[in-house]
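Biologist: Please take me through one helix of this model in detail, and then through the parts of the fold that help to place it. I should like every term to be given with its cut-offs.

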Amino acid sequence: MRGPQWLERGMHHVWLPYAQMRTAPPPLPAVATRGRTITLADGSELIDGIASWWTACHGYNHPHIRQAVQAQLECMPHVMFGGLVNEPALTLATRLADMLPGDLERVFFTDSGSVAVEVAMKMAIQYWLNQGESGRTRLLAFRGGYHGDTMATMAVCDPEEGMHSLYAGALPEHFMTDLPTDDMRTQALDSLLAQSAGRIAAIIVEPLVQGAGGMLFHSPEVLRTLRTLADRHGVLLILDEIFTGFGRTGTLFACEQAGIVPDIITLSKALTGGTMALAATVARRHVFEAFLSDNPMHALMHGPTFMANAMACACANASLDLFEREPRLAQVARIGAQMRAELEACRHLPHVVDVRVMGAIGVVELDHIHDMNALKAALVAQGVWVRPFRNIIYVTPAFTITAAELRVLTTAIHTVLSGSVQV
Ligand SMILES: *Cc1c(COP(=O)(O)O)cnc(C)c1O
């Protein structure tokens, strides 16, 4: 079957993400989205199980978001943020400050998650520099973590996932250890900090779920331990809520489940409801105050060209309206309960080693995936868009997904895992 002409021609010129371009099967041409459905060029439809890397939390093409973007497009699509401010951005900053716990109240806008994490790292290092501490240039990060694909963020990702050996020499070295999930690891972390806190600007962690590293869950207790140890040894705590933020784990922000307030938090992914690229790094008052002085060198020297893009901020404000007006957290709880019930049937299938659910994240973990391409094709043949990676199949649907649509997703996974496809 021949695809549309733009596909045939364009595929000679486009470079795809995370793909071995010689052997990867051709990508599917998407031509339209609506609700939880993706339409392909041949007219076929897929039910979307991952909401475009879990960004499209209200489903695609939500009319309220569309209207907000259209209205902003007509009056002022973008204006530089250096020396000028715009209403959607300042309203969004105010709303985020109101929603976030504690005194997380100072918002720095960027246009991708990786850059939001880089800004958090710069903030943390300069926080100490501005107070005369020049030795604190390292971060402390955890195995299994994922914080982005740029050079600086790769260096705080899991060493294997972040391809530290491939890029050895090109990446700065940080402290990398295990999450304090038991007494032994907590003690190890405590002594590492006792020894090296003077070289560490901040601890960085994805709260409750290490997402792209394999959808690994940990308890709120782990976060309370990190907060305690960060305070004990005088280092900052950065929570990367780019995956977990905006309801995905069952509360608006994952840190709420631990009752802790980080010094810096990063947000993106579902911030605009999946419609436009936008990210935010939000700092607590004491972090921001460390940048206030008569010394121009104490300013935060960062400013992306499209920072605080007015359409993206209008879009995020519309997304927040939907969190206020519609029962998103109840929907997350309903999705979680349904996934818990329906994915359970996968637990005893061949190769399945774990089935786990948190909020609106459902995971079926296999001992290994023998033929990833065959598995992906089999899922598409079932009419669903689910993208397994490493050894897991996961579902992170839009919160507006219907019970019937979700049932199609969980049934497809069960069918494929119990079927004839050699996965
Ligand atoms: C996706 C993600 C990032 C990177 O965001 P990009 O927009 O892809 O740069 C960083 N941290 C976490 C936890 C993520 O899930």
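**Helix 8 and its setting**

Modeller: In helix 8, the buried residues are Val222, Leu223, Thr225, Leu226, Arg227, Leu229, Ala230 and His233; buried stands for a relative accessible area under 20%, exposed for over 50%, and partly exposed for values in between, with a 1.4 Å probe and protein chains only. The model is predicted, so local features require a pLDDT of at least 70 and side-chain atom pairs count only at pLDDT 80 or more, whereas totals for chains, interfaces and linings use all residues. Residues are numbered from 1 along each chain as its sequence is written, and side-chain values use heavy atoms, without hydrogens or water.

Helix 8 comprises 14 residues, 220–233; helices (H or I, at least four residues) and strands (E, at least two) are DSSP runs numbered from the N terminus. From first to last C-alpha, helix 8 reaches 20 Å, close to the expected 20 Å, the expectation being 1.5 Å times one less than the number of residues. Glycine 234 follows helix 8 and has a positive phi, near 65°.

The buried residues of helix 8 pack against two helices, helix 7 (183–196) and helix 9 (255–258), and against strand 5 (138–142), strand 7 (200–205), strand 10 (236–240) and strand 12 (279–284); contact here means heavy atoms within 4.5 Å.

On the other side of helix 8 in sequence, the loop between strand 9 (216–217) and helix 8 holds histidine 218. Histidine 218 is buried because its relative accessible area is 8%. Beyond residues up to four places away in sequence, histidine 218 touches Leu223, as well as Leu179, Thr181, Glu206, Pro207, Leu208, Val209 and Met358. A polar atom of the histidine 218 side chain lies 2.9 Å from the backbone nitrogen of leucine 208; a polar contact is a pair of N or O atoms within 3.5 Å, where within protein one must be able to donate a hydrogen and the other to accept it, and residues adjacent in sequence count only if both atoms are side-chain atoms.

Leu226 of helix 8 leads to the core. Leu226 is named with Leu96, Phe109 and Met215 as having the most contacts inside the largest nonpolar core, which has 114 residues; such a core is a set of buried Ala, Val, Leu, Ile, Met, Phe, Trp, Tyr and Cys residues joined through side-chain atoms within 4.5 Å. Helix 5 gives the most to this core, with 8 residues. The core also takes at least three residues from each of domain 1 (5–61 + 327–418) and domain 2 (76–325), with bounds from an automatic or database domain assignment. The centres of the two domains, taken over C-alpha atoms, are 27 Å apart, and 25 residues of domain 1 and 29 residues of domain 2 take part in their contact. Methionine 215, with neighbours within four places in sequence left aside, is in contact with residues including Trp54, Phe243, Arg356, Phe389 and Tyr394.

Strand 10, one of the elements packed against helix 8, contains aspartate 240. At a relative accessible area of 4%, aspartate 240 is buried. The side chains of aspartate 240 and histidine 147 are joined by a polar contact of 2.8 Å. Other residues that aspartate 240 touches, when those up to four places away in sequence are not counted, include Val117, Tyr146, Val205 and Thr266.

The unreviewed UniProt entry annotates Asp240 as "binding site", together with Gly113, Ser114, Pro304 and Thr305. These positions spread over 193 residues of sequence and, in space, up to 22.9 Å between C-alpha atoms; UniProt positions follow the numbering used here, feature names are shortened, and annotations may be inferred rather than shown by experiment. Glycine 113 belongs to helix 5 (residues 113–129) and counts as buried because its relative accessibility is 15%. Outside its neighbours within four places in sequence, glycine 113 is in contact with Ile242, Ser268 and Ala279.
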